[in-house]
Amino acid sequence: MAEKEENMKKPSKPARSKNQPAAVIPKKMPFPPANTAGSARRRKFPIVGIGASAGGLEALELFLKNVPEGSGMAFVIVQHLDPMHKGIMVELLQRTTPMKVVQVKDRTRVRSDYVYVIPPNKDMSIMHGVLHLFDPVMPRGLRLPIDFFFRSLADDSEERSIGVILSGMGSDGTLGLKAIKGKAGAVFVQEPASAKFDGMPRSAIEAGLADVVAPVVELPPKIIAYLRHIPLIVKPGLVDEDKSYSAFEKVVILLRTQTGHDFSLYKKNTVYRRIERRMGIHQIDRITTYVRFLQENPRELDLLFKELLIGVTSFFRDPAAWKVMKNLIIPALLKNRPHSQALRVWIPGCSTGEEAYSLAIVFKEVLEQLKPARNHILLIFATDLDRDAIDKARGGIFPTNIVADVSSIRLNRFFVQVNHGYQISKFIREKVIFAPHNVIMDPPFTKLDLVICRNLLIYLTPELQKKILPLFHYSLNPGGILFLGNAETIGNCTDLFAPLAGKERFYRRLDSILHPEPLEFPPSFTIPRIVMPPSPKALKPPANLQSEAEQLLLQRYSPASVLVNDKGDILFISGRTGKYLEPVAGKANWNIFAMAREGLRYDLTDTFRKALRQKDAVTLKNVKVESNGDVQAVDLTVQAIHEPEVLRGLVMVVFADVATPPKTKGSTKAKSSRASSARIMAHERDLEQTRHDLQITNEEMQTFQEEAKSANEELQSANEELQSTNEELTTSKEEMQSMNEELQTLNAELQIKVNDLSQLNNDLKNLLDSTEIVTVFLDNALRVRLFTVGSNRVFKLIPGDLGRPITDIVMELVYPELADDAREVLRTLVVHERTASARDGRWYMVRIMPYRTLENIIDGVVITLADITASKTLEGKLRATQVSLEKHVAEQDVKLQQAGEALQEEIQREHDTNSATGSAPGEKTKP
């Protein structure tokens with residue numbers, strides 16, 4: 001994400017060349033002074049946090065020297081200082097800047113045009129513009145004062161927070177910068193090439209957090225230029241100005257075209273802040289100009305996309321919530337669970353994976369505490385939009401400053417120290433599957449026991465939240481748990497989830513009556529169905545005598561009743577309830593208490609509460625209800641339902657009218673008539689015949705109706721079976737789609753691992769072949785596991801010998817103690833070396849050493865044989881030459897000895913001759 005601003009094209013002015021001097025800084029800046037009145041609120045002066053190591057004095061001096069007088073900013077410097085040494089940083093920095101430089105004391109209020117320096121042996125935080133000092137938890141060792149202050153600065157200044165990283169060693173400040181970016185703040189980093197120590201700047205850049213990377217002398221003018229252009233969102237009329245919203249939509253369209261992701265359903269203010277931050281960095285005043293800038297610079301679209309996906313996450317964030325997860329949630333999910341049934345978890349918006357790995361670590365700790373011990377399987381699906389974040393999460397490598405969030409015990413157990421940080425142990429990484437996934441557009445994972453979605457919903461509009469929460473409900477198994485962030489709730493989805501006890505955001509899935517399925521699946525998950533128009537005959541189903549009779553009884557003779565939930569929301573209505581309930585004017589409200597007519601509301605509320613407190617039905621008689629000017633007496637019955645299971649927790653409200661005694665008249669007039677004519681008798685006979693014919697017809701009709709009823713019941717049964725089969729097929733299809741998505745995710749993960757393994761095998765093969773050293777790998781039982789090319793010159797090995805004991809292999813090496821020496825190495829773990837000859841006359845240096853895994857487990861031995869025949873031949877020649885030289889020297893010694901003896905005899909003879917003649921030795925005798 002880091003970039004140099006001069007590398008980007010600007011639509012309004014050309015980029016400065018390398019030979020062009022830096023921007024001229026005026027002596028008096030036009031930056032608004034502190035507490036200048038804004039249109040909506042008073043504008044706070046910016047507080048700039050600066051992190052550097054104790055060796056960054058030169059960088060700090062250059063930085064402050066380039067800050068103009070009267071800039072209206074405050075600077076807080078946090079360093080790595082010797083806790084036992086009294087610093088003189090204040091005096092040194094005061095010489096380079098006209099601003100007042102002071103050392104922080106507890107509860108120091110920050111003022112503009114001041115420079116504040118952290119004292120030795122202290123941690124520092126800020127709240128409401130006041131600096132607070134803390135004694136460090138660890139008196140010695142790895143401290144992270146820059147991260148500590150940057151995090152508090154992000155919480156205190158939010159989108160106005162500015163973090164600067166200068167020369168320094170290590171990675172302190174990276175996690176704090178991530179918090180600043182999460183609040184839409186700005187990050188400025190010194191160019192590593194110009195830094196005396198590039199550890200801290202390089203860590204911030206590699207984490208993708210730097211907005212501007214430049215030499216230290218250019219950072220102050222860039223910060224000032226950035227502050228001139230923010231915050232645009234508080235300027236009056238920004239959203240309402242002409243073409244502004246249209247330009248915003250164009251930005252969203254360009255993002256969708258470039259990345260394939262639609263940000264139109266994200267909260268507008270959140271997206272605006274991110275856009276305006278990028279505009280401030282590039283010193284662009286109008287969003288319409290920024291649209292053109294995006295069109296000319298596709299790279300900026302990628303940077304804006306990254307900006308919108310900044311994930312503020314860390315290991316074991318909110319420790320109290322993770323304590324509940326460890327002590328209550330996971331044990332409850334594992335209770336009565338078969339060992340073969342995996343615990344399935346989905347973590348959407350996982351960012352770089354800290355939350356997923358935190359859950360895997362806690363799960364491992366819970367398993368170790370269970371009595372009796374169990375071996376449950378954990379399967380975590382961690383997904384995110386950002387592919388770069390997913391790749392980083394798969395590697396599982398994090399900076400050293402995670403020690404601020406991870407205890408030393410967990411660091412030693414679940415992490416392996418690598419260069420520049422820590423890596424999650426392999427057995428923890430294997431529990432998590434990372435994959436790119438769009439929770440809005442892609443199919444959800446299903447049959448889950450736990451969904452962890454923290455600080456994702458807060459960035460989405462309420463309309464989108466109402467679609468995603470039912471999606472989570474659909475994904476979870478009955479009784480599954482939803483874990484949200486501290487600033488998130490389930491909103492109006494109280495019929496889908498019930499909060500668990502405590503202030504942490506844990507919710508249990510309910511078996512909802514209102515929404516048995518998600519309200520709307522993502523478009524890519526829903527397959528449009530072709531609906532055939534019904535035939536004219538099928539428009540009206542055949543009548544069913546029993547169902548029609550039951551429907552008539554319910555409508556005309558059974559009392560009116562209403563089924564509601566425990567809050568009074570109406571779920572089902574039976575009979576005519578217009579005399580007792582009426583709709584409320586305004587927005588539709590299906591609550592029974594709001595719809596109750598005059599005279600019924602108070603009694604209904606009181607009776608409803610009583611029914612919820614006790615198990616039996618509560619009846620209130622002769623309640624007077626006013627309806628259309630009349631008064632009707634009603635018997636009101638309210639009963640909480642406990643059976644069947646599907647209706648448990650609901651309440652039935654029944655209205656029964658009380659009959660009013662009819663009024664009677666005192667006298668009645670009796671009427672009588674006489675019929676005696678023959679015509680009437682004839683009519684009676686005709687009527688009797690008609691009745692007889694009607695009875696026969698009726699019997700035939702009854703027979704026909706019974707046959708039709710039987711046929712209709714058979715058709716209904718067949719129809720129900722077809723509907724059931726169709727529902728099962730639909731459910732199976734959706735499950736297969738979700739399973740296919742999971743398999744594709746798993747396959748992508750495995751493919752990446754296979755490619756890495758293939759590359760590693762190729763590198764290892766070429767390395768072993770290039771050394772031309774015979775290498776044989778044996779397991780703890782001395783069985784052949786692997787051998788290199790050329791091993792068959794010494795051991796008669798073929799590919800089919802893998803798994804055979806080395807003692808069964810014929811070898812050309814004259815080394816009968818090979819197996820015994822290998823066992824001795826396994827026992828003592830001491831490397832063994834010796835030379836050995838082969839039957840073909842060649843010589844080898846045999847080296848036997850233990851085979852250690854990355855987890856420091858001994859898993860066999862490695863035997864290497866280096867051909868030293870040339871060395872042995874040269875050694876033989878040297879020995880022959882040495883023997884020849886020794887023989888020659890001996891011969892010369894003999895000759896010298898003989899010459900000496902001859903000379904001695906000559907001297908002796910001369911001496912004897914002289915003695916005989918009486919001459920002195922050496923005197924010549926006269927003739």
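**Exercise 1. Place L500 in the fold and describe its surroundings.**

Solution. Begin with the chain position: L500 belongs to the loop between β21 (497-499) and β22 (506-509), where strands (E, at least two residues) and helices (H or I, at least four residues) are DSSP runs numbered from the N terminus. The model is a predicted one, in which local features need pLDDT of at least 70 and side-chain atom pairs count only at pLDDT 80 or more, while totals for chains, interfaces and linings use all residues. Residues are numbered from 1 along each chain as its sequence is written, and side-chain values use heavy atoms, with hydrogens and water left out.

Next, take the accessibility: L500 has a relative accessible area of 22% and is therefore partly exposed, given that buried means under 20%, exposed over 50% and partly exposed in between, with a 1.4 Å probe and protein chains only.

Finally, list the contacts, for which heavy atoms must lie within 4.5 Å. When residues up to four places away in sequence are not counted, L500 touches I329, I481, F506 and R508. For I329, which is 171 residues apart from L500 along the chain, the C-alpha separation is 9.9 Å.

**Exercise 2. Reconstruct the order of the 7-stranded open sheet and identify its edges.**

Solution. Read the order first: the strands follow one another as β5-β7-β4-β3-β10-β11-β12, with parallel pairing, two strands being paired if DSSP finds at least two bridges between them. The edges are β5 (100-103) and β12 (212-214), each of which has a single partner strand, so one side of each lacks a neighbour in the sheet. On average, neighbouring strands of this sheet are turned by 20 degrees against each other, direction ignored; the axes are lines fitted to C-alpha atoms, for helices over the stretch in contact, and angles run from 0 to 180 degrees between N-to-C directions.

Then check individual pairings. β3 and β4 are parallel and share 6 bridges, with I47 standing opposite A74 in β4. On the β7 side, β4 is joined by 3 bridges, again in parallel, and F75 has V115 in β7 as its bridge partner. Towards the edge, 3 bridges connect β11 (residues 186-190) with β12 in the parallel sense, and Q190 stands opposite A214 in β12.

**Exercise 3. Determine which helices cover this sheet and how β4 is enclosed.**

Solution. Helix α1 (residues 57-65) lies across β3 (47-52), β4 (74-79), β7 (114-117), β10 (162-165) and β11, and runs at about 175 degrees to β4. Helix α5 (residues 199-206) also packs on the sheet, where it touches β3, β10, β11 and β12, and its direction makes about 135 degrees with that of β11.

For β4 itself, count the buried residues, which are 6 of 6. Both faces are covered, since A74, V76 and V78 are buried on one side, as are F75, I77 and Q79 on the other.

**Exercise 4. Classify the aromatic pairs F188–Y226 and F414–F427 from ring geometry.**

Solution. A pair of aromatic rings is described by the distance of the centres and the angle of the planes. Rings of Phe, Tyr and Trp (its six-membered ring) pair if their centres lie within 6.5 Å, and planes under 30 degrees apart count as stacked, over 60 as edge-to-face and the rest as tilted. By this rule the structure has 23 aromatic pairs.

For F188 and Y226, the centres are 5.9 Å apart and the planes stand at 70 degrees, so the pair is edge-to-face. F188 lies in strand β11 and Y226 in helix α6 (residues 219-228), so that distant parts of the chain, 38 residues apart, are linked. F188 is buried at 1% relative accessibility, and Y226 is buried at 2%.

For F414 and F427, a centre distance of 6.2 Å and a plane angle of 50 degrees make the pair tilted. F414 is in helix α14 (residues 408-414) and F427 in helix α15 (residues 426-429), so the pair ties together parts that are 13 residues apart in sequence. F414 is buried with a relative accessible area of 0%, whereas F427, at 34%, is partly exposed.

**Exercise 5. Find the charged group that sits over the ring of F316.**

Solution. The criterion is that NZ of Lys or CZ of Arg lies within 6 Å of the ring centre and within 35 degrees of the ring normal. The charged end of R410 sits over the ring of F316, at 4.1 Å from its centre. F316 is also one of the members of an aromatic cluster that includes F315, W322 and F506.
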